[in-house]
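Trainee: I'm new to this one. Walk me through it, please.

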Amino acid sequence: MDISQIFKNNQDWVQKKLSVEPNYFSDLSKGQTPDILYIGCSDSRVTAEELMGIAPGQAFVHRNIANMVPNTDLSAMSVINYAVQHLKVNHIVVCGHYYCGGVQAAMKSQDLGILNPWLRNIRDVYRTHQAELDAIKDEELRYKRLVELNVEEQCINVIKTAEVQKARRERDLTVHGWVFDVHTGKLIDLNIDFIKLLENIMQIYHLDPNEPEKPADKNV
Ligand code: CO
């Protein structure tokens, strides 16, 4: 890739934006009020704003290998904290994607060095759902199902955080699990039944002893 082309592209983009809206960048510089926190994969094919058709300023974005939310990862935890407590987003999206190299790597026996502890989080998702996954004989379908189950588990990791639990009591904060299908370009809502999921786990993960556990009366 010719890196200098990127600066030419940038100049063209600035001109295009200003020709439509002369105050575009001065308005952007006033601050951000995104309503969505998007947590996705670093995969170059899976963009955030472009696949959602949204503009700069509309989504706070965190991307890493295989859209993970490990509870000891300072980066992911800081992003969630800032988005929920300060930006006060009302939607948190975990978006996985089919054909995810990170998920595929976690299905193989191989030593990938520094990636081992990261990918072990996905192996743990496999272990948690081993009976369901092992019953899927078609390898591609099993791989796709692990992508979906990984999204579900990362949504649960989002809900495990204290700031999300607190925000859920104070406002309508919704967690969404999505998958992007690279093969078709389509965004798929997994329609995860969070009420059912939370009924089973909040007894364990509920963090604030002074607040009663919120009744499972709505989607999170
Ligand atoms: Co990926």
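Mentor: Start with the vocabulary: helices (H or I, at least four residues) and strands (E, at least two) are DSSP runs, numbered from the N terminus. The model is predicted, so local features need pLDDT of at least 70 and side-chain atom pairs count only at pLDDT 80 or more, while totals for chains, interfaces and linings use all residues. Residues are numbered from 1 along each chain as its sequence is written, and side-chain values use heavy atoms, with hydrogens and water left out.

Trainee: Fine. How many helices and strands does the protein have?

Mentor: Ten helices and five strands. The C-alpha atoms fill a box of roughly 55 × 45 × 30 Å along the principal axes.

Trainee: And what share of the residues is buried?

Mentor: Of the 220 residues, 40% are buried. Buried means under 20% relative accessible area, exposed means over 50%, and partly exposed is in between (1.4 Å probe, protein chains only).

Trainee: What about contacts between residues 24 or more positions apart?

Mentor: Take the contacts with a separation of 6 or more: 66% of them join residues 24 or more positions apart. Contact means heavy atoms within 4.5 Å.

Trainee: Let's pick a helix. What span should α6 have?

Mentor: Helix α6 covers residues 115–128, which is 14 residues. The expected span is 1.5 Å times one less than the number of residues. That gives 20 Å, and the end C-alpha atoms are 20 Å apart, so the two agree.

Trainee: Where is the kink in α6 centred?

Mentor: On Asn121, with a kink of about 30°. The bend at a residue is the angle between axes fitted to the seven residues ending there and the seven starting there.

Trainee: Which residues of α6 are buried?

Mentor: Leu119, Ile122, Val125 and Tyr126. The buried residues of α6 pack against α5 (101–105), α7 (130–134) and α8 (139–159).

Trainee: Switching to pockets. How much space lies in the largest pocket?

Mentor: About 300 Å³. On a 1 Å grid over the protein atoms alone, a pocket is an open set of points with protein on both sides within 12 Å along at least five of seven lines, and lining residues have an atom within 4 Å of a point. Points are joined across faces, edges and corners, and the volume is the space filled by probe spheres set on them.

Trainee: Which residues lie nearest the centre of that largest pocket?

Mentor: Val125, Thr128, Glu153, Asn157 and Lys160, out of 16 lining residues. Val125 is also one of the buried residues of α6.

Trainee: Which helices each supply at least two residues of the lining?

Mentor: α6, α8 and α10 (194–205) each do. By class, the lining has seven nonpolar, six polar and three charged residues. Ala, Val, Leu, Ile, Met, Phe, Trp, Tyr, Cys and Pro count as nonpolar, Asp, Glu, Lys and Arg as charged, and the others, Gly among them, as polar.

Trainee: New topic: backbone angles. What is phi of Ala66?

Mentor: Near 70°, a positive value in a residue other than glycine. Ala66 sits in the loop between β2 (59–64) and α4 (74–86). Ala66 is buried, because its relative accessible area is 0%.

Trainee: And phi of Lys88?

Mentor: Lys88 has a positive phi of about 55°, and it is not a glycine. Its loop runs between α4 and β3 (91–97). A relative accessible area of 48% makes Lys88 partly exposed.

Trainee: Now Gly57. Where does it lie?

Mentor: In the loop between α3 (49–52) and β2. Gly57 counts as partly exposed because its relative accessibility is 38%.

Trainee: What is Gly57 in contact with, leaving aside neighbours within four places in sequence?

Mentor: Thr33 and Pro34. Gly57 and Pro34 are 23 residues apart along the chain, and their C-alpha atoms are separated by 5.7 Å.

Trainee: How far apart in space are Thr174 and Ser4?

Mentor: 41 Å, C-alpha to C-alpha, with their positions 170 residues apart in sequence. Thr174 is in strand β4 (residues 174–180). At 16% relative accessibility, Thr174 is buried.

Trainee: Last one: where is Lys166?

Mentor: In helix α9 (residues 162–170). Lys166 is partly exposed, at 41% relative accessible area. Lys166 and Gly102 are 64 residues apart in sequence and 31 Å apart in space, C-alpha to C-alpha.

Definitions and conventions:
On a 1 Å grid over the protein atoms alone, a cavity is a set of points where a 1.4 Å probe fits but cannot get out, and a pocket is an open set with protein on both sides within 12 Å along at least five of seven lines; lining residues have an atom within 4 Å of a point.
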